[in-house]
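User: I'd like to learn how to read a few features of this model. Could you take me through them?

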Amino acid sequence: MAMGDSTVVSDQQPPGPSQTTPSRGPYIAVITNRNTNLVIRGFMLFSIGVFLALVLNLLQVQRNVTLFPPDVISSIFSSAWWVPPCCGTASAMIGLLYPCIDSRLGEPHKFKREWSSVMRCVAVFVGINHASAKVDFANNVQLSLTLAALSIGLWWTFDRSRSGFGLGVVIALLATLSTQLLVYNGVFQYTSPDFLYIRSWLPCIFFAGVITMGNIGRQLALYECKRMSGKTHQD
């Protein structure tokens, strides 16, 4: 009887601290890690956007496609000081927005999810920018149609998602409108503008850039999910 009582008492003992900690500890740790990883991803996307802006804008300025006032040009990068931070901020927002939209829509992007595909996408995007600055076409219409085909081809090759295409079009239109306002206010100008103060192929460049940064953002988010999933399994 004493043994039975001792058994009942031992069964009714409250769980120790070691048993209550896992129910709260991992949850708090996951939230903290997600916030930290979000900041890290945002910083990485910002840095990539700044680097691409410096390289691609230098190409445009050297070819006299875009003209900045002499007093705002940096002697090192041949660009206005505000261009890289603006491009970096936009890149971070786009790269964080794409995986968020995929999650909201319940349509995880699984097409060509590896870093080699992302690097090829970046290379094609740089090539499209290079073509807009250095390849000579008979007229601006031919150039614009060619760049539009290349940009849509980039989406089809490396994305193929409806959300990616829709976001690319919307953000490209907003970026084009913002550029028109900057040119209209005399912040900078384009040589030989053929479409409301700007070049008609500019939306194609913006669209390709949005798709590229979206792919980078998705890949970074996928890497984070895999790492956190592996960490959860280990716990």
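User: How many salt bridges does a search of the whole structure find?

Analyst: Happy to help! First, this is a predicted model, where local features need pLDDT of at least 70, side-chain atom pairs count only at pLDDT 80 or more, and totals for chains, interfaces and linings use all residues. Residues are numbered from 1 along each chain as its sequence is written, and side-chain values use heavy atoms, leaving out hydrogens and water.

Side chains of opposite charge can pair when their charged atoms come close. A salt bridge here is a side-chain nitrogen of Lys or Arg within 4 Å of a carboxyl oxygen of Asp or Glu. The search finds two.

User: Which residue forms a salt bridge with Asp-102?

Analyst: Arg-218, with the closest N and O atoms 2.7 Å apart. Asp-102 sits in helix H3 (residues 83-105) and Arg-218 in helix H7 (residues 202-234), so the pair ties together parts 116 residues apart in sequence. Helices are DSSP runs (H or I, at least four residues), numbered from the N terminus.

User: At what angle do H4 and H5 pack?

Analyst: Axes are lines fitted to C-alpha atoms over the stretch in contact, and angles run from 0 to 180 degrees between N-to-C directions. Helix H4 (residues 115-134) and helix H5 (residues 140-158) pack at about 175 degrees, their axes 11 Å apart. H4 is therefore roughly antiparallel to H5, a term for angles over 145 degrees.

User: Which residues of H4 and H5 make the contact?

Analyst: Contact means heavy atoms within 4.5 Å. Among them are Val-124, Phe-125 and Ile-128 of H4, and Leu-147, Leu-150 and Leu-154 of H5.

Technical notes. Helix = DSSP H or I, 4+ residues; strand = E, 2+ residues; numbered from the N terminus. Parallel < 35°, antiparallel > 145°, perpendicular 65-115°, else oblique.
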